[in-house]
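Good morning, and thank you for coming. Please look at the sequence and the structure as they appear, and I shall then take you through three places in turn.

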Amino acid sequence: MQLNKSNQKKLDRLNNQKVVELLEFAVDLCKPTNISIIDDSKKDIQYVRQLALKTGEEKELDIEGHTYHFDGYNDQARDKKNTRYLVEEEPDLGLDINTIDRNEGLNEVFSYLDGSMKNKEMLVRFFSLGPNQSDFSIPAMQITDSSYVAHSEDILYRQGFEDFEKLKGSEDFFFFLHSAGKLKQGVSTETDKRRIYIDLKTNRVYSVNNQYAGNSLGLKKLAFRLAIRKAAREGWMAEHMFISGVKGPNNRKTYFTGAFPSGCGKTSTAMIPGHTIVGDDIAYLKLQGSDVKAVNVESGAFGIIRDVNPEDDPVIYKTLTTPRELIFSNILVKDGKPYWLGMGKDTPDKGVNFSGEWYKGKTDDQGNEIPPAHKNARYTIKISDLDNCDKYYDKKEGVSVKGMIFGGRDSDTSVPVAETLSWAHGVFMASSLESETTSATLDKQGQRRHNPMAILDFLSVPISDYINNYLKFGKQAKNKPGIFTVNYFLKDTETGEYLNGMLDKKIWMLWMEKRMHDELKAIKSPIGFLPYYEDLRQLFTRYLGCDYTELEYVEQFSIRIENYLGKFKRIENIFESIPDLPETFEEELNNQILRLKEARKKYSDSNISPFKLKNY
Ligand code: SPV
Ligand code: MN
């Protein structure tokens with residue numbers, strides 16, 4: 001292995017045999033032309049930023065600090081099919097979790113990585129998943145030949161070279177090896193050989209022939225998969241959750257976490273005007289004394305840019321249109337300016353996008369019209385660049401979590417907000433989350449999928465272990481967070497129109513905040529506690545300055561018994577085939593179905609108005 005003097009010096013500073021071994025292994029396999037070890041210094045971080053421009057993986061836009069990057073035409077989302085766990089004799093992980101025999105998988109992915117960095121520079125990076133030097137955090141080493149990947153990680157994660165120095169030679173860190181493979185105009189070309197293989201045995205991930213961040217950035221969803229397993233084994237939680245500070249009366253701040261499948265309102269919930277953001281995607285949660293505390297694993301946001309406009313997302317829009325370091329991906333560029341779908345102004349008829357030179361009406365090989373920007377186009381920014389960044393976003397001890405929210409894209413069943421009846425009922429409801437698919441994965445869109453805790457794509461332990469861990473975690477917590485379900489996508493059965501406005505989620509958050517401080521009573525329904533009309537009406541008037549009619553309330557909060565029963569039948573069918581589910585969980589399922597059937601009988605109605613439920 002050829003390291004120049006300054007790189008060798010950096011490696012020596014780390015004094016870590018495991019790091020040296022992994023580096024030697026990666027160099028032998030990928031055969032880079034040169035190697036750069038990057039530390040936490042401004043100079044090194046700037047070097048990576050410049051390299052992305054030099055290699056053409058990123059290009060500059062008019063506004064200072066803004067760059068854009070394209071992923072390949074067929075590399076625009078997470079690739080579930082080619083993301084697999086390498087397993088030896090382990091039992092099947094269950095549900096539709098993809099696995100491959102460990103040896104076979106290693107051979108395959110190594111064959112694609114072999115020589116993948118010829119004529120390229122290998123970047124060796126060190127980060128901290130979670131705040132530096134925190135009890136929550138996990139150190140991570142990333143090797144990549146993509147300066148876009150390394151640059152994105154600088155925006156999205158805390159640099160951790162110094163944390164590695166403090167490791168004193170420990171082998172306890174995650175390792176990611178990535179190569180974008182063969183490039184054409186800065187874009188991975190051999191996407192048919194795209195592989196993302198996760199080695200649970202060694203906490204390593206190998207990813208090749210891709211650039212889309214959900215596949216390539218080791219620290220994002222790849223580290224998350226490793227962390228879920230580590231957490232389940234060690235009794236804490238790694239969750240697909242934002243963390244947000246909800247501002248209640250008298251400036252009271254109450255922290256909530258929220259899990260939503262991608263593209264279902266997660267970032268916009270974390271970004272509600274007037275509230276603060278700690279993180280928008282991944283949280284680690286641990287018990288500390290009587291409290292549940294959470295940290296943001298990341299320090300940036302890789303957010304969906306579609307529909308970000310001054311009206312609906314004023315804070316993000318401002319951040320994206322003022323000078324700062326940020327990366328746009330898969331947007332449309334014309335004359336040094338970025339454009340995306342739903343940005344609130346007209347997009348030009350031609351420009352450059354993820355398909356190359358683009359013009360209105362352009363079609364792909366299959367004859368499909370290519371939109372100006374991809375639906376899953378994204379922005380990469382630092383959380384600290386947002387006006388609503390929480391002052392504790394980087395706090396080593398984390399913030400105290402008072403409530404957890406679970407939401408999906410559900411057009412016909414779930415009420416806009418409900419508080420579950422207990423921790424166990426909450427865990428059951430969160431495990432029963434279903435959502436209509438979106439553009440964040442390469443699947444067909446608009447199909448209803450079971451997605452427990454919005455984490456299914458990332459689960460790395462059998463679902464029964466995962467649920468067991470949840471139940472135990474709550475049992476141990478003296479100050480248990482309340483568990484809430486939300487749904488922003490309920491539609492009118494006849495007109496098909498959404499029953500709620502974009503801003504209504506703020507009201508649901510404020511209602512939950514007050515509930516967690518015992519300031520509001522609620523109506524007990526078969527599926528959980530519902531808000532009283534009067535409380536919502538007051539919140540709508542005070543915080544949104546608008547009317548909230550009894551009719552709206554009834555349409556939104558009536559319990560659609562048949563639809564709920566249909567949903568739980570589907571859930572029952574899924575869980576029936578899963579071995580070793582905790583008994584508590586099965587009881588919750590049976591009781592849930594029973595409560596719905598009893599209510600149907602008691603009210604002789606299958607669409608029960610919340611007004612009727614008052615004395616349930
Ligand atoms: C998500 O889709 O959940 C994301 C983006 O946060 S990524 O997982 O990186 O695709
Ligand atoms: Mn996510």
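On the face of helix 1 turned away from its buried side, we find the exposed residues Lys5 and Lys9. I should say at once that this is a predicted model.

Which residues of helix 1, then, are buried? Helix 1 covers residues 5-14, and its buried residues are Asn7, Lys10, Leu11 and Leu14. If we look down the axis of helix 1, these buried residues fall within an arc of 95 degrees, so they line one face of the helix. Please note that a lysine, Lys10, is among the buried residues, whereas Lys5 and Lys9 are exposed.

What do the buried residues of helix 1 pack against? Their partners are helix 2 (17-30), strand 1 (34-37), helix 3 (42-55), strand 6 (121-129) and helix 6 (161-166).

Let us also consider the two ends of this helix. The N-terminal end of helix 1 is capped by Asn4, which has a side-chain oxygen 3.2 Å from the backbone nitrogen of Ser6. After helix 1 comes Asn15, and its phi is positive, near 50 degrees.

My second place is the ligand site. Ligand 1 is surrounded by 11 residues, and the closest are Arg78, Tyr212, Lys221, Ser262 and Asp281. Sorted by class, this shell holds three nonpolar, three polar and five charged residues.

Which polar atoms lie beside the oxygen atoms of ligand 1? In the side chain of Ser262, an N or O atom is 2.6 Å from a ligand oxygen. For the side chain of Arg78, the corresponding distance from an N or O atom to an oxygen of ligand 1 is 2.8 Å. Gly214 contributes a polar backbone atom, 3.4 Å from an oxygen atom of the ligand. How much of ligand 1 does the protein bury? Taken alone, the ligand exposes 280 Å², and the protein buries 97% of that.

Finally, I turn to Gln447. This residue sits in the loop between strand 29 (434-436) and strand 30 (448-450). Its relative accessibility is 30%, and because buried means under 20% and exposed over 50%, Gln447 counts as partly exposed.

Leaving aside residues up to four places away in sequence, Gln447 touches Ser435, Glu436 and Thr437. Gln447 and Ser435 are 12 residues apart in sequence, and their C-alpha atoms are 7.8 Å apart in space. The side chain of Gln447 is also joined to that of Arg449 by a polar contact of 3.3 Å.

Thank you for your attention.

Methods. Residues numbered from 1 in each chain as written. Chains lettered and ligands numbered in written order. Predicted model: local features only at pLDDT ≥ 70, side-chain atom pairs only at ≥ 80, totals over all residues. Heavy atoms only, no water. Buried < 20%, exposed > 50% of the residue type's maximum accessible area, 1.4 Å probe, protein only. Helix = DSSP H or I, 4+ residues; strand = E, 2+ residues; numbered from the N terminus. Arc of directions from axis to C-beta. Contact = heavy atoms within 4.5 Å. Polar contact = N/O pair within 3.5 Å; in protein donor to acceptor, adjacent residues only side chain to side chain. Near = heavy atom within 4 Å. Areas by Shrake-Rupley, 256 points an atom, 1.4 Å probe, with all protein chains shown as cover. Nonpolar A, V, L, I, M, F, W, Y, C, P; charged D, E, K, R; others polar.
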